[in-house]
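Here is a short tour of the aromatic rings in this protein and the contacts they make. Have the structure open as you read.

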Amino acid sequence: MKRLAYILFCLFFNLVQAFPYAEEPHKVISQMLEQLGKHHSFSYDEEIASWLPGENERDGKVGKKHTLEVVDADEPYVGARFVRTGDDGGFFAYDGKKRLRNTEEPLVFEVDSVFKGITEYRVVPRPFYQVAKTIGQYILSTKDSVQVEMQETANEYQIKVSIYTDEQVEFTMGRLSPYVPEVPESGVFFTPPHIYILHIDKSTYMPVRYYRILEHESSMEQVTQVKYDTQHLEDFDIYAYLPKDYLFKMQETRTKVKNKLNKGDVAPDFELQDTEGKLHKLSQYRGQAVLVEFTSVACSVCQIVPVFLHQLSQEFPQLQILSIEAWNMKPSACVNWIKRKGITHPYLLNGKDTQPLYTDNAAVPAFFIIDAEGKLVAEFTGYNEKTTPSAISEILRGLGE
């Protein structure tokens, strides 16, 4: 009996070591939220990196910025008012009602109408401490299927939450709900789990870094040189942070862009290299219909289009499909994309300068149907699973494909 008791004790002890108390990471999160609640503003330098499947953090794009973030408990989407400036000259500010940003000219302009009629989200990123706060609150309150793990280093608690939901859970944009509703409709949009990792300083219980790892993109944001409580909410004036000698333009409405090509125009020729190094000219496909798709491996909606294009190639075997990487993502990411999505038609690289030859609208995905004579038959911007496939197929049938 003593030996049996000893064996059971050892088993129990090993299980305890293998599975630490579930409340431990939740206690750390609670303390982090408590510390965040003691401050009403944060000023900090930040480094933001993003990378795609087929890349790692070291290969990703990195931006360095400075941010002033002022807590606004009455602002339900973002939770703060903030101004962010980048080493590249970028400028973005939000005061709960409008945003200011600079354009390439550079003009600094105000956008009001972008929020009209939108009740679920703001086209505004959450600043760092609001992202950390939202992740922490989600971990403590969610009823979703999640796995919460914690590791310790000498200086940090690293809390990882793996989220097993059909919907993508997003904390980095201004939303009333963390769930992205388009996901269940698309079916193959994202693959669980969605992973977020909070790095919390042991000495202060304040967040210093977070990772966001999704099926189509990963990102990291970390802060340094933090100063607390330098700005009060009532003193935050969005216009006070504009750079000197700026020009100002009010944009009350979004004007509809006019496509450069009209129906019946000859589509501009191009010469682009695919992921295997082969050159493709549009003109080399004269005599057959061509579907030109401007897309990007970093576009979330574009994740679901390859299934449709594969079906289209089966239904119309004489159709030549050319997908063009319009955001100039790295070849390694494009190669990985092709393998994961099972793409067999040419995927052309570095198409950022080609898309403006076709349209003034830089949105992706965008589809251009070109007939055997090289003339534009139809154009579609965006992708709706319920309407876009049938509309494109109907036009191709009319061409006799």
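## Charges over rings

Let's start with lysine 202, whose charged end sits over the ring of tyrosine 157, 5.4 Å from the ring centre. Please keep in mind that this is a predicted model. A second case involves arginine 122: its charged end lies over the ring of tyrosine 77, at 4.0 Å from the centre.

## A stacked pair

Turning to rings that meet other rings, the structure holds 19 aromatic pairs. One of them joins phenylalanine 128 and tyrosine 210, with centres 5.7 Å apart and planes at 25°; since stacking calls for planes under 30 degrees apart, the pair is stacked. Phenylalanine 128 belongs to helix α3 (residues 128-141) and tyrosine 210 to strand β14 (residues 207-213), so this contact links distant parts of the chain, 82 residues apart.

Are these two residues buried or exposed? Phenylalanine 128 has 0% relative accessibility and counts as buried, and tyrosine 210 is buried too, with a relative accessible area of 4%.

## A tilted pair

Phenylalanine 308 and tyrosine 383 have ring centres 5.8 Å apart and planes at 40°, so this pair is tilted. Phenylalanine 308 lies in helix α5 (residues 305-315), while tyrosine 383 is in the loop between β23 (376-381) and α7 (388-398). The pair therefore ties together parts that are 75 residues apart in sequence. Both phenylalanine 308 and tyrosine 383 are buried.

## A ring cluster

Which residues do ring pairs link into a cluster? They are Phe42, Tyr44, Phe128, Tyr129, Tyr210 and Tyr228.

How values were computed. Residues numbered from 1 in each chain as written. Predicted model: local features only at pLDDT ≥ 70, side-chain atom pairs only at ≥ 80, totals over all residues. Heavy atoms only, no water. Phe/Tyr/Trp six-rings, centres within 6.5 Å; stacked < 30°, edge-to-face > 60°. Helix = DSSP H or I, 4+ residues; strand = E, 2+ residues; numbered from the N terminus. Buried < 20%, exposed > 50% of the residue type's maximum accessible area, 1.4 Å probe, protein only. Lys NZ or Arg CZ within 6 Å of the ring centre and 35° of its normal.
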